[in-house]
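Let's take a walk through this chain, starting with its fold and ending with its cysteines. Keep the model open beside you as you read.

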Amino acid sequence: MDKESLTTAELIAFLKENPYMEIECRLLLGHKLGATHYWYWDPKAQCLMHTRDWPFIPISEHDAVASYEGCWWRIDQI
């Protein structure tokens, strides 16, 4: 995947299409600032797994959308 910006919904769709694939991505904060997050989709638990500083914690798709609605992401590493 190239370095295009994704909405939160697009990021979740990508994760769900690639279960268990841990990705490093940057939450774009503006003014060339960003925050590193790590995500993967756990199909058995039917939830996202998320961390900024290990361990991973489960987060529902609903809560992820509610927390990061309107945000933009860039996938840095797959």
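Start at the N terminus and follow the elements along the chain: they run β-α-β-β-β-β-α-β. That makes two helices and six strands, where helices (H or I, at least four residues) and strands (E, at least two) are DSSP runs numbered from the N terminus. With a radius of gyration of 12 Å, close to the 12 Å that the globule rule gives for 78 residues, the chain is as compact as a globular protein of that length. That radius is taken over C-alpha atoms, and the rule is 2.2 Å times the number of residues to the power 0.38.

A word on the ground rules: this is a predicted model, with local features needing pLDDT of at least 70 and side-chain atom pairs counting only at pLDDT 80 or more, while totals for chains, interfaces and linings use all residues. Residues are numbered from 1 along each chain as its sequence is written, and side-chain values use heavy atoms, leaving out hydrogens and water.

Along its principal axes, the C-alpha trace spans about 40 × 25 × 25 Å. Of the 78 residues, 37% count as buried, meaning under 20% relative accessible area (1.4 Å probe, protein chains only).

Now for the cysteines. How many disulfides are there? The count is zero, taking a disulfide as a pair of cysteine sulfur atoms within 2.5 Å. C47 is in none, as the nearest cysteine sulfur, that of C25, is 16 Å away. C47 is also buried, at a relative accessible area of 9%. As for C71, its closest cysteine sulfur is again in C25, and at 11 Å that is too far for a bond.

Key:
Buried means under 20% relative accessible area, exposed over 50%, partly exposed in between (1.4 Å probe, protein chains only).
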